[in-house]
Amino acid sequence: MKMNFSTNAHYGSHTSKENVPPSSKMDASQVQRARQRTVLGVLSENEQRGRSLSKGSQFSKHSSVSDSSQHTFLGCTSSSSYDVYVEEACEVVLAASGQEVVSDNYYRDTETAALQNEGLRLLLELSSSSCLDASMQSEKDESLMSEEVLCVSEYAEDIYRHLRESELKLKPLPDYLEKHPEITSGMRLILVDWLVEVVQEYKLRSETLHLAVNYLDRFLSCTAYVKRGKLQLVGTAALLIASKYEEIFPPELNDFVYITDSTYTKKQLVRMEHVFLRVLAFKMAAPTTNQFLRLFMSIHSVCATTENLALYVAELSLLEIEPFLQYSPSIVAAGAYCLATYTVNKSHWPESLCAFTGYTMAEIQPCVTDLHKLHISAEIHPQQAVREKFKNSKYCRVSWITPPAVLPFL
């Protein structure tokens with residue numbers, strides 16, 4: 001059955017400074033915006049509310065996106081009887097049979113099972129505050145784990161060892177979509193592409209995007225039977241938590257309601273945030289491809305063009321479940337580094353990183369091959385948010401670079 005995605009107008013831009021403190025955010029009178037904002041769909045229970053809020057707005061953009069052989073509407077009403085919902089601040093996943101389904105990972109940690117609601121409420125109250133000094137604002141698009149810290153030789157090996165251990169514990173399941181009959185890889189791809197646009201819109205860090213996608217995949221790995229109408233809510237909550245974790249001045253809750261065109265209420269977002277924290281057992285410090293890449297580039301430095309090309313390829317890999325969830329973030333980072341250095345300088349995997357990471361060229365070769373195919377197909381890919389982002393001079397316009405036709409070392 002073919003169904004069209006709806007896209008609404010009024011995707012605006014915030015101020016020119018990155019990560020603007022709350023005091024300088026736009027007020028309601030400035031809600032008219034120049035760019036266009038994609039809305040993935042409207043929940044059936046919120047449809048009437050969304051229509052009343054959007055009166056007077058113009059809906060001028062309509063598009064259809066192909067997912068394999070069919071079109072899918074992420075927010076359409078489903079006849080299925082299962083859903084993800086929140087009851088008494090605790091997540092329950094209801095299967096079609098009416099039985100409650102929770103992940104084995106949810107109760108694996110005994111400390112998580114013993115968490116009390118009072119402690120959860122306290123954490124949410126603390127995480128919602130944004131009273132930091134404006135002098136702490138940073139305008140660089142980099143992880144809070146800065147290269148200055150990473151390149152300290154006496155800590156680099158320990159940091160890398162810790163990240164390698166953590167990535168195994170916090171790795172999503174490559175086949176988690178089998179537990180979600182209503183969600184396809186195409187829906188996830190469109191959601192991640194939308195997250196890229198939002199991160200760009202609010203000038204958030206690249207690490208925030210990588211964390212949000214990690215949270216999204218881990219959440220879906222730990223749950224079952226999530227409805228397609230709730231997928232954007234899950235993605236928005238993932239970005240909300242990631243921005244609180246990584247940003248100095250995260251967007252406010254109202255901003256997250258706005259980017260979904262009021263598809264979801266503040267209450268729904270806070271509840272889903274609560275669900276996320278419980279399901280992920282408050283383990284938010286997840287290693288990402290972005291972290292590994294910055295660590296590798298602090299060990300063996302590269303030019304700005306090579307660096308941004310590696311970051312571009314790594315960000316492209318976030319869009320695809322197959323085959324990139326089969327690889328660990330460190331392998332994807334090594335593959336992106338290797339592909340970028342060859343594309344720009346015709347260099348191979350350096351001996352210094354071979355010794356530091358323990359990865360040989362043979363070990364990263366399959367990932368490099370998949371990243372190369374992804375790089376070649378990026379120009380004709382239906383979703384272009386990542387490519388448009390890296391056309392900017394800030395990133396040396398690396399998405400314009402023609403990938404090599406073949407890789408001789410493969």
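1. Is S399 buried or exposed? In this predicted model, S399 counts as buried, because its relative accessibility is 5% and the cut-off for buried is under 20%. S399 sits in the segment after α16 (385-389).

2. What does S399 touch, leaving aside its neighbours within four places in sequence? The contacts are Y312, R387, F390 and K391. R387 also appears in a polar pairing: the side chain of S399 reaches the backbone oxygen of R387 at 2.9 Å.

3. Now the empty space inside the model. Three cavities of 30 Å³ or more are present in the structure. The largest cavity holds about 290 Å³ of space. Its lining is made of 21 residues. Closest to the centre are D217, T289, L318, L325 and P329.

4. Which elements give two or more residues to that lining? They are α7 (206-221) and α13 (329-345). Helix α7 gives the most, with four residues.

5. The character of the lining is mixed. Of the residues around the largest cavity, 10 are nonpolar, six are polar and five are charged.

6. Where does the largest cavity lie with respect to the domains? Domain 1 (171-280) gives residues to the lining, and so does domain 2 (289-400); therefore the cavity lies between them.

7. Helix α11 (residues 289-299) deserves a look next. This helix is mostly covered, with 10 of its 11 residues buried. Among the buried residues are T289, N290, Q291, F292 and L293. R294 is also on the buried list, as are L295, F296, M297 and S298. T289 thus has two entries in this note: T289 is one of the residues closest to the centre of the largest cavity, and T289 is a buried residue of α11.

8. I331 belongs to helix α13, one of the elements that line the largest cavity with two or more residues. I331 counts as buried because its relative accessibility is 11%, and buried means under 20%. How far apart are I331 and T289 in sequence and in space? They are 42 residues apart along the chain, and 8.2 Å apart from C-alpha to C-alpha.

9. The contacts of I331 complete the picture. Not counting residues up to four places away in sequence, I331 touches Y359, E363, I364 and C367. Like S399, which is buried at 5% relative accessibility, I331 is buried, at 11%.

Notes. Residues are numbered from 1 along each chain as its sequence is written. This is a predicted model: local features need pLDDT of at least 70, side-chain atom pairs count only at pLDDT 80 or more; totals for chains, interfaces and linings use all residues. Side-chain values use heavy atoms; hydrogens and water are left out. On a 1 Å grid over the protein atoms alone, a cavity is a set of points where a 1.4 Å probe fits but cannot get out, and a pocket is an open set with protein on both sides within 12 Å along at least five of seven lines; lining residues have an atom within 4 Å of a point. Grid points are joined across faces, edges and corners, and a volume is the space filled by probe spheres set on the points. Ala, Val, Leu, Ile, Met, Phe, Trp, Tyr, Cys and Pro count as nonpolar, Asp, Glu, Lys and Arg as charged, and the others, Gly among them, as polar. Domain bounds come from an automatic or database domain assignment. Buried means under 20% relative accessible area, exposed over 50%, partly exposed in between (1.4 Å probe, protein chains only). Contact means heavy atoms within 4.5 Å. A polar contact is a pair of N or O atoms within 3.5 Å; within protein, one must be able to donate a hydrogen and the other to accept it, and residues adjacent in sequence count only if both atoms are side-chain atoms.
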